[in-house]
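Here are a few notes to read alongside the model, written as numbered points. I hope they help as you look around the annotated site and the ligand.

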Amino acid sequence: QTKGFIFDLDGVIVDTAKYHFLAWRSLANQLGFDFTENDNEKLKGISRVKSLEMILEWGNITLPEEEFNKQMALKNEEYLAHISDMNASEILPDVEKTLEYLKNKQQKIALGSASKNASPILERVGLLDTFKVIVDGNAVTKGKPNPEVFLKGAKGLDLNPEACIVFEDSISGIQAANKANMISIGIGDSKVLHEADYVFKDFTEISEAFINKLIENENA
Ligand code: BG6
Ligand code: MG
């Protein structure tokens, strides 16, 4: 069978979730408040605009539009500085091994990310050619937990949503995958990602036998 494997980017393929956190946190600190790593879970998978809206709400701050846009640009500047000299060493453990295995099994692979920085990051770590279908923050109008990003991914792969499997590190992304009727696989903490169909700490915990089962699964 041919299944579609849709990968989130930040926190799944590369360790960039920590850079988003650092940049948002320094923005909050500059505005005179702080938020925790626990709060940060709510920001994962969330677009740049929506993230800033949430953070300002936590700090009880409203900004005029011009200032809002300026803060968003400053955050992205700091984030870009963190990722400027990124290379393949920041690909998370066994991600490449999993991608290779899926390719050898003639499975379809797509990217489903909220980030507008997705393509340059994939390019920097040498994975741009691996993803023939890229649905990123530039391609969607409704962010996760809306399923649009993954439904577009399935369409790009020419598969039914039911034939797709999503790897996600965010609560909002797991919810999006579930709403899209896809199999959701959480990468991270099982307590945080309890809505996922399966959760693994990272790709080193995902066996070939498990992937084979996903491929052979008849429900699609
Ligand atoms: C998601 C991240 O992948 O992309 C979020 O989990 C981030 O933290 C979002 O806000 C948007 O990213 P960018 O690169 O367009 O600011
Ligand atoms: Mg993510």
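1. Glu 168 sits in strand S4, which covers residues 164-168. Please keep in mind that this is a predicted model. Glu 168 has 31 other C-beta atoms within 10 Å, and because 20 or more are enough to count as buried, Glu 168 is buried.

2. Which residues does Glu 168 touch, once neighbours within four places in sequence are left aside? The contacts are Asp 8, Val 12, Gly 173, Ile 174, Ala 177, Ser 184, Gly 186 and Ile 187. Asp 8 in that list is worth following up, as it returns in the next points.

3. Glu 168 also carries a record annotation: an unreviewed UniProt entry places the feature "binding site" at Asp 8, Asp 10, Glu 168 and Asp 169. These positions span 162 residues in sequence, yet no two of their C-alpha atoms are more than 8.9 Å apart, so they gather at one spot.

4. Two of these names come up again in the unreviewed UniProt entry, where the feature "active site" is placed at Asp 8 and Asp 10. Asp 8 lies in the loop that runs between strand S1 (4-7) and helix H1 (17-30), and Asp 10 has its place in the loop between S1 and H1.

5. Is Asp 8 buried or exposed? Asp 8 counts as buried because there are 29 C-beta neighbours inside 10 Å. Leaving aside neighbours within four places in sequence, Asp 8 is in contact with Gly 112, Ser 113, Phe 167, Glu 168, Asp 169, Ser 170 and Gly 173. Two of the residues annotated as "binding site", Glu 168 and Asp 169, are therefore among the contacts of Asp 8, in keeping with the gathering at one spot.

6. Asp 10 counts as buried as well, with 23 C-beta neighbours inside 10 Å. Beyond neighbours within four places in sequence, Asp 10 is in contact with Thr 16, Ala 17, His 20, Ser 113 and Ser 115.

7. Now for the ligand. How many residues surround ligand 1? There are 19, and the closest are Asp 10, His 20, Ala 114, Ser 115 and Lys 116. H1 and helix H3 (48-58) are the elements that give two or more residues to this shell. By class, the shell around ligand 1 has 10 polar, 5 nonpolar and 4 charged residues.

How values were computed:
Residues numbered from 1 in each chain as written. Chains lettered and ligands numbered in written order. Predicted model: local features only at pLDDT ≥ 70, side-chain atom pairs only at ≥ 80, totals over all residues. UniProt positions renumbered as here; feature names shortened; annotations may be inferred. Helix = DSSP H or I, 4+ residues; strand = E, 2+ residues; numbered from the N terminus. Buried ≥ 20, exposed ≤ 12 C-beta atoms within 10 Å, placed from the backbone. Contact = placed C-beta atoms within 7 Å. Near = placed C-beta within 6 Å. Nonpolar A, V, L, I, M, F, W, Y, C, P; charged D, E, K, R; others polar.
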